[in-house]
Amino acid sequence: MATATNRMLGHLGDSVERLEDPPLVTGKGRFVGDINFPDQLHMRIVRSDHAHGKIISVDTSAAEAVPGVVAVWTTENIDDVPPIDFREGSDPTLALFRQYPLARELVRYVGDPVVAVFAEDPYTAEDAAELVVIEIEPLPVLINADDPPQDFKGQATTEAAIVEQGYGDIDTTFANAFKVVEIDVKVSRHTGVPMECRGAIGRYDEARDVLEMYGAAKVPHRNRDTLCRMLNRPASGLHLFEGHTGGGFGIRGELYPEDVLVCVAAMRLRRPVKWIEDRREHLMAANHSRQQRHIIRAAVAEDGEVVGLDDELYLDQGGYIRTHGTRVANMTTGTLPGPYRFPVYRSICHFRLTNKTPAATYRSPGRCESTFVRERLMDAVAVAMDMDPIALRRRNLISLEEMPYGRALDVLGDSVEHDPGDYAGLLDQGLAQIGWDDLQKKLAKRRANGEMVGAGISMFFEKSGLGPSDGAKIFVDNEGFIEVVTGGASIGQGFETAMAQIAAEDLGTDYRRIRVVHGQTNRIDYGVGAHASRATVLTGTAVSLTAQAVRAKALDMAAELLQTSADSLTITDGVVHAKDNPTGPSLTLGEIAEALIPTSKLRGDREPYLKGEEWFHIEHQTYPYGHHIAVVKVDPDTGGVEIEKYFIAYDIGRAINPMMIEGQLVGGLAQGVGGALFEEFTYSETGDPQAVTFADYLIPTLQEVPDPEILLTEDFPSIRTPLGIKGAGEAGITGAAGAIASAIDNAIGIPGAVTETPVSPQRLKKILSEHGK
Amino acid sequence: MKPAAFEYHAPTTIDEAVALLAEHAPNDGRILAGGQSLVPTMAFRLARPTHLIDINNVANLDKLAIESGALCIGATVRHAQFHTPACDGVLGRLLTDVVSNIAHYPIRQRGTFCGSVAHSDPASEWCMVAATLDATMIAQSASGERLIPAKDFFETVMTTALNEDELLREVRIPVLSDDTVYGFQEFNRRAGDFAISMTLVTYQLEGGKIVDPHVGVGGAEDRPRRIAEAEAALAGQTPGDDAFRAAADAAAAAIDPMEDHATNAQYRRDLTATLVRRALENAAS
Amino acid sequence: MSDKKDITLTINGRDHNVSVDPRWTLADVIRDHCGQTGTHLGCEHGICGACTILVDDSPVRSCLMFGIQADGKKIRTVEGLANGDEYHPLQRAFIENHALQCGYCTPGFLMLATGILEAQPDISDDDLNDVLSSNLCRCTGYANIIKAVRIARDEMKAAS
C-alpha cells in the first residue's frame, strides 16, 4: 500500500536514471547489426569511383560467377523503382534532381551506388563486388558551389533552386546607412557521423503479405509513407521497425538508396536481405552537411544598430537532392537574423548541386551555419564601429517587451514567432556567472605577457518542436503496468525516459512501471519521429494530454467504485485514494483497469479499457535561446588551439530531466568543437573524397573536448506548449563555431581573422604569418 | 571492409617462419605480428596478402634485454612493454617517454616494435627512434641473417631495405651513456594520431659544449632520418637559444617535406623548426 | 577461398567451438558466430574503439585481430561484466552518471576501462584521460564518461 511518504521516482524535473541504460551497459542492445533472420542474404553496394560521368557499361558476370552470390543488380533490374522521393511529399520543381536507388545513366559523386550484390555472407559479397567492372565516361567535375553552374541532364542547371527570404527595403536601407560592413565566410563540409554506421534489413513475410524493414530510425513513419508511395504498397502491408540506434544527429534514419534496395530485394529474391554499411562507405555515402559560403553585409546606424542585413549564400548540395528537399536552405535563410532585431533583411540562397556526396540536415541544420555567419558579422560590426562586442550585441537584441516577436520569415512552413524570452537578461546572468569583466582583465594581462589567449561569445536562438501535430496512446493493463505508444523515435537522446517521466507525472506512478514504444509503424498509425528537437515538445505534450485523459478516466471509475467524487481523489504510486486520506479506501490502477474491461459490469457506459489517445497541435515552433562563451589559447608556433574554458547558457523553458538536457548540451558541444576545429570533408580537383577513414575525418577525442560549465535556466517556459517545454537537442552545437572563432580572433589580436571552419593549425598558422605574427 | 581471403600459417620456430616466408613471399605472403597496421590496410583491401605467417607463437622472438651494449628488441615485443623502462638508464626512460605517443593504449597492447619498424610508416615513432639512435636491424631469412644499419634501412614510405623473404627478427639500439640528454616532440591534431612532424634529439656535454648531437626527424619526410645540418649547427656549441634556433632552422631548411591533402610542405617545415627547438629546450632543461 | 579451421574461443568463461575462415576478424567471429553481439563495430580499422574487448585481460581492438589468432585465449566482453544481476561498478557508474546516450560506444569504453583499472587500480586522472582518449564517442562529449570511470576507479580501489 502506498503512502504519501513514498517517493515515486521520475517526476518532471527529476534527473532520474534512464530507462534505456540497462540493456546498453550489458551488451543486450539490439542494433540493426545485431539482428539476423534465418536464410538472410547480405547486400554489398558497388559505388562509383568517378565524381561525374556517363555509365557506358556494367559487367557483372564475374561477380555472378562467385560461389555464394545469389544476384547482382544494376538499375536495369529495378527500372520500375522510382527515384527516392521527398519526405514531406512530392515536389515537381525538384523532382528532376532526385537520386535513384542505383545510378541510372549518370554517376554524380564518388560513392554513388551503381550495383548491388547479394550473397550468402558479407565477405563473399565484398569479394564479388570487387569483380564488377563499371565503365564510365568522365564528365566535367563541379566541386565548388560558388563556381558557375553546369548542365544537369540537359534539362536544367545545377542551380536547382534559389531560396530567398526577407523583409523591408534593402536598397534604401543600405544607401542611407552610416556604415556598411561586409564579410565573406565559409562553413566547411562536415556531418553527424554517428558511431554506428547505417544498416537495414528487408524482410518479406509472404504469409501475411507484409514487407518489413528493420534498422529504421529518426522518421520511421515518414519513411514508411515514402516507401509505400514508391513501391505502391498499402501502409498496412509495409512496416518499419526501429531498434537501438547508435546515434542520429539528423543524418541517420533518412530514407537512403540502400533502404529501398533491401526492401525491393527482399520482395523479389524472397529472402531477408541485410545491409550493414562500413565506415568508408559511410563517410562517402551517408548525408554530408553544412557546406555554405556567405557574402553578407550589415547596414549600421551611428549608434551601432544594425538596421539592415543582406546575405547571399552558396549552398553545396552535392550530387542529388535527397529526402529533405531545400529544407536546409529554408532554415538557413529563415533563422539567420537570430536573436537580433534587424528591421530589414534579405537572404538569397543559391541552392546548387556539385559532384560530391549529397548533403542534408545535421544537428542544428541552418542555425549552426547561420549562427557562425551572423556572429562573425556582429564581431566585424563591433570592430568597424569601435564598440565592445557585447555592447554591440546588446544594442541589437530583441527585448522582452517586444515578445512574442514575429518576423515575415518562414522556417519549415511555419512563420517565425519568437517565444517570450529575455535574451539580454540571460546574457547578464551568463556574463556574471563566468565573471566576464574579470576574465577580460586576466586575459589582457596574459596577452601583455606574450600569451595568445582570448575569449569570444556567440549568441543564438534555436528552433524546436516543429508541428503541426502529434498524438500518443496509453494503455493500462489489469496489473497496473502502463504502455505509452508513440510515433516518436529514440536515437540515443533518452526519449523513453522523457516520455515515461511525462506520463508518470499525471498517472501518479513510478516512471519505471511505464514502457514506452517508439519507432514501430505497426503499433501506431502516425508519428513525427525524432528530428528538429521536436520529440519532447510535441510527442511529450501529446503523451501528457493522453496521460491526463487516462487519469481522468481512472478517477471517474474509481469515484464510482469508492462512492466519492473524482475531485476528491488522487493517484500515488499507482494507487487511487482520497487526497486527504492516503491510507483510506483505495484502488490500484490495475483494479480500475479490470473494472473497465469490455465484459465488466462495473464499467457502465464508459468506453472499454483504461486507455486513451489524445493529440497535441502546436501553433508555432518554440524558440529556445542562449549563448556560448569560449576561452582559447593559441600556440603561435604550431597554430594549435586549446580550449581552456567553455560556457553555455540556455533557457530550456521547462526541464523534464536536467541530467539528460546537460548531456545533450555537452555532447552537442563536442560536435561543435569538431566542426569548428577538426572535421572536414575535402575533395581533390577530380572529386575524390579525401576523408574516408577515421584517420582523415577527425572526430575529437576526449583530449580535444572541453568540459563546459552550463547555466540551464527555466525562466521562460514556452507559451506554445502546456508544459512550457522547449527543445534541448541542438543548442550545444549551434553557438560553438562562432564562439571559438571569436575567441581565436581575440587571442591572436587580429579582428575578423577567422573566416572559415575548421580552424586547422595550418589555416591558423597561415593567418598568423600573413599578419607577421 | 572485410579482408580478402588468405591462407594462415602459425609457425612456432624461427626456422619454420622464415621457411614459410621464403615459400610464400613471392606470392605476396607476409608476416603478421601485432597486426595493428597491416590489418586495417587489409580491411580497406589496400593490402591483400595471399598468405599470412603469424609469428605470435614463434619461440625466442620476445627478447628484450641488453646485450653487448645494445638493447635488443625481439620481433614480438609489444609497444606496451615500454610503458615501464625496458632497461636501466637514459635509453629506458627515453623509450618510455616516447611510447605514450604511439597511437592508443589498446593498440600498444598488440602492436610490436619490430612490426612498426618493418612497416616503416614515415610517421612511426619507433622508426624515428631507430633512425636517430643508429639502431641496427637484424634481418633473418632462410639463408641466414644480415645486419642493416638504420641509415640504410628506411628507404621511402613503407619501403625498407628488407628483402621480401626476410623477417625483421630484432632491432638493436645502442645504450645511451648516463650523461646523454634527450628531448622528444611531436605534433598531431588529435591525441594518438600519426604525427604531422616529430623529432628526437640527444647530445652530451663536454666542458659545457654539445658533443655527439643526434637530431632525428620523422613524419615530415618520406622516411625518418638524422639531419646532419642540424647536428652540425649544434656540435661544439653552448646549449642555449642561439644554438637551438640555428639547429631548428637548419633542420627545417634541410628537409624535403611531404605534402598531402591536409598538410602542405610549408606548414610541415615551419612545424619541424618549432619541434626541433622545443625538443632541444626539453633536452637542456 | 581458404579452408576453415576449428578453434575454441573462451568468451566470458564459456567455450565456443567454431569453424572459422582465417580472414574473419575476431569481432566478426564473436558477433556472428558466437552470438555475442554486445561488442560493436564502429570503423573496422582500429580507430574508434567500439569493438574493444579483453584478450588475456588486455584491452585490444577486436577488429584488428583475426578470430583464428584467439584460439584458446581468454576473451572477456561486455556480456560478462556483470556478476549475474549485479552490475560491475563501471556499469553502475555509467548509468548513475549518464555516461551513455545511444550506447553504441559504451561496450568498448566499459571494456577499455575495465582493462586499465584492473591493470592499474591507482591510475591518475591524467593517465586515465590518456587511456580513455583511445575510444571515440559521438554523443556524450566525454565529460560524464570520465566522471563515471573515476568514480568506479575510486569505488573499486576502496572495495579491494
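**Exercise 1.** How many residues of domain 1 of chain C are in contact with how many residues of domain 2 of chain C?

*Solution.* This is a predicted model, in which local features need pLDDT of at least 70 and side-chain atom pairs count only at pLDDT 80 or more, while totals for chains, interfaces and linings use all residues. Residues are numbered from 1 along each chain as its sequence is written, and chains are lettered from A and ligands numbered from 1 in the order in which they are written.

Begin with the bounds: chain C is divided into domain 1 (5-80) and domain 2 (89-159), where the bounds come from an automatic or database domain assignment. Then count contacts (C-beta atoms, placed from the backbone, within 7 Å): 16 residues of domain 1 of chain C are in contact with 14 residues of domain 2 of chain C.

**Exercise 2.** Identify the strands that stand at the edges of the open sheet in chain B.

*Solution.* Take strands as DSSP runs (E, at least two residues; helices are H or I, at least four), numbered from the N terminus, and let two strands pair if DSSP finds at least two bridges between them. The four strands of the open sheet then follow the order S11-S12-S13-S14 (chain B), with antiparallel pairing. Strand S11 (181-187) and strand S14 (225-226) of chain B each have a single partner strand, so one side of each is left without a neighbour in the sheet. As a check on S14(B), two bridges join this strand to strand S13 (residues 209-218) of chain B, and in one pairing Gly216(B) has Arg226(B) as its bridge partner.

Key. Contact = placed C-beta atoms within 7 Å.
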